[in-house]
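Welcome, and thank you for taking a look at this one with me. Below are some numbered notes to read alongside the structure.

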Amino acid sequence: MCPMTPLDPIHAAAHEATAHVATAPQTVTEESVRQVAALANLDLTPAELPSMLRDLNAILGYIAELDELDTASVEPMAQVSELVAGLSAGSTADTPLRQDVLVPSLDRAAVLRSAPETDGVFFKLPRVMER
Amino acid sequence: MTNATADLSARPLAQLRDEVVSGTTKAAELTSGYLERIAARNPEINAYLSVATESAQAEAEAVDAAAKRGDPLGPLAGVPLGIKDVIAVESMTATAGSRILEGYIPPYTATAVRRLKAAGAVLLGKLNCDEFAMGSSNENSAYGVVRNPVALDRVPGGSSGGSAAAVAAGMAAGTLGTDTGGSIRQPASFCGVVGVLPTYGRVSRYGLIAFASSLDRIGPLAHTVEDAAVLLKVIAGHDPLDATSSELPVPDYVAESRKPVDGLRVGVPAEYFGEGLDPEVRSAVEKAVDALRQQGAMVQPVSLPHTRYAVPTYYVLATAEASSNLERFDGVRYGYRAPGANTLGAMYRQSRECGFGAEVKRRILLGTYVLSAGYYDAYYRKGQKVRRLLAEDFQRAFTQVDVLVTPTAPTPAFRIGEKTDDPVSMYLADIYTVTANLAGICGVSLPCGVSSEGLPIGAQILGPHFGETTVFRAARAVEQSLR
């Protein structure tokens, strides 16, 4: 299906080898892997599904160790700026904002050169409507 | 080999620069020497994905011309460096080790690289890595594995495997890598070089192809602590193009690193020396601790009680951020577009299916799953809460000690193919490194011994936010005593 180079031999071998390994307790089902793949805009091949299912269950089984911790009274931390910001010289705000002024941006022609398809002004796409 | 490159790794980077400025070494000869070394060694090691022969020679000749005129020259004048392929350099490809970015040439240059060039550095090319920096062995690159220069049947570590291998094999005087969960320190450890994780916000991330934005850092790899300190000094500092970059002034890391460690408080966390640690690694790291003690440091045990939860926390948060960041690879603005898809949705799905490798898909699926309705609280929010507990562990420890000394990785470099069939076992290669990323603190890995099989062993020295000066001081003291 992919017109590109297939998986390198190391990975191909690994996938074959793991197809027979006993699976960890099931957290995710094949159907939910399909749903998540659709959310992530990934078209998994029939060959990829079993190994992804096995790996996700193994990883989620490991992640379940976090349930041992009582975190009811702990505030979530999305990023470390709250710890680091206080150390910044002359910056007291938690989220310092830059001045709202115009600055030169990337050259349009240079940006469009990287695109798969353009008309010189816009990126070109296949039809948006499915039918 | 020319005289200029007779012993590429033995001369400090600052000395190379001074020789170029004084004219005793020609930058052009130095660069040619490195290019010859790359031509000789890269075919078996596969550290470089692209070599910028012409622009490197032109840059080196420009430095020589400036030196001859007596123009003021920067702190890296004529010093040949390599850049990990997840970092944008205008006019060089940036594949991120992925098929989806094959042939992509970014229209701009990362701030860290712009600073290297402004300091006079010569850019030799772009370095192999795990796809989108996701991996601990460099076996996830779409462009083939990198081999460890010390033992060719071993992995160089990952994800900055090319950056570590290039330094170890004398194919660059120094390199830039990136570290989201250990990706500079662990390969530095496996290849026997020095690697630095700067504090979050110390080095601008502008121009870094994002993996997990709250964890990603750019940092240097080099032969010695002092070389790494020279490189960090150049790339560090505030950048208006990265809103998370710090305005704190950048210290003179080299001068600071030369101060004595007499009276330095060194913590040894018991949780980093438990089950799963290779006895030879333990013994080598204990020698590094002894070296600090003999130079007057005060060594004491400390506890980081939540350590065992770091890897699962990391794989929730890093994959969640990755699933979001990697949505941008959709076949529209850059990179691979699947041919023949006749609707937008099909084009997205087919381009991503064909463009991404197995580990990247695995992490996108996991990240999408932990963020999805019904699982967000159980996984993502839980992970964010444990992240705070892990950060608080370090905050408490750094009220008692100035630095922590630990192993960088539980074992020396493993064999190519040894862990590719078991993601959890591969993830455990990062067990001692991921926590520093979650907490935003800084650290360094430096060589502290060699295993009975001749493989390098790395010690990790961790410091608090913006504690790079103290970390370099301790690292240099260990380096000097083990030399």
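Where in α2(B) does a kink lie? Please keep in mind, as you look, that this is a predicted model.

1. The kink lies at A39(B), shortly before the proline P43(B), and amounts to about 35°. The helix in question, α2 of chain B, covers residues 27-45, which makes 19 residues. From its first C-alpha to its last it reaches 25 Å, close to the 27 Å expected at 1.5 Å a residue. Just after α2(B) comes N46(B), with a positive phi of about 65°.

2. Next, the surroundings of this helix. Many residues of α2(B) are buried, among them A27(B), A28(B), L30(B), Y34(B), L35(B), I38(B) and I45(B). The buried set also includes T31(B), S32(B), R37(B) and N42(B). Against what do the buried residues of α2(B) pack? Their partners within chain B are the helices α1 (13-22), α3 (53-69) and α5 (161-168), together with the strands β1 (48-51), β2 (80-84) and β3 (122-127).

3. Staying in chain B, have a look at A110(B), which sits in the loop between β2 and α4 (111-118). Is A110(B) buried or exposed? A110(B) is buried, because 29 other C-beta atoms lie within 10 Å, and 20 are enough to count as buried. Although A110(B) and G207(B) are 97 residues apart in sequence, their C-alpha atoms are 3.8 Å apart in space. Leaving aside residues up to four places away in sequence, A110(B) touches I87(B), A88(B) and V89(B) as well as Y206(B), G207(B) and L208(B).

4. Now for some strands of chain B. Strand β7 (residues 265-269) runs parallel to strand β8 (residues 298-302), and five bridges join the two. Within this pair, V268(B) stands opposite P301(B) of β8(B). To get from β7(B) to β8(B), the chain passes through helix α9 (residues 279-294), and the β-α-β crossover is right-handed. β7(B) also pairs with strand β9 (residues 403-407), again in the parallel sense, over two bridges. Here V266(B) has V403(B) in β9(B) as its bridge partner.

5. D402(B) is worth a stop too: you will find D402(B) in the loop between α13 (376-400) and β9 of chain B. How many other C-beta atoms lie within 10 Å of D402(B)? There are 20, and D402(B) is therefore buried, as the cut-off is 20 or more. Not counting residues up to four places away in sequence, D402(B) touches L264(B), R265(B) and T470(B). The C-alpha atoms of D402(B) and L462(B) are separated by 8.8 Å, with their positions 60 residues apart along the chain.

6. Turning to chain A, you will see five helices and zero strands, so to speak an α-α-α-α-α run from the N terminus on. Of the 131 residues in chain A, 19% are buried. Among its contacts between residues at least 6 apart in sequence, 54% join residues at least 24 apart.

7. Finally, how do the two chains meet? In chain A, 60 residues are in contact with 72 residues of chain B. The elements that give two or more residues to this side of chain A are α1 (9-18), α2 (30-39), α3 (48-63), α4 (81-84) and α5 (108-112). Of these, α3(A) gives the most, with seven residues. By class, the side of chain A that touches chain B has 40 nonpolar, eleven polar and nine charged residues.

Methods:
Residues numbered from 1 in each chain as written. Chains lettered and ligands numbered in written order. Predicted model: local features only at pLDDT ≥ 70, side-chain atom pairs only at ≥ 80, totals over all residues. Helix = DSSP H or I, 4+ residues; strand = E, 2+ residues; numbered from the N terminus. Expected span 1.5 Å × (residues − 1). Bend = angle between axes of the 7 residues up to and from the residue. Buried ≥ 20, exposed ≤ 12 C-beta atoms within 10 Å, placed from the backbone. Contact = placed C-beta atoms within 7 Å. Nonpolar A, V, L, I, M, F, W, Y, C, P; charged D, E, K, R; others polar. Pairing = 2+ DSSP bridges. Right-handed = clockwise from strand over helix to strand, strands pointing away.
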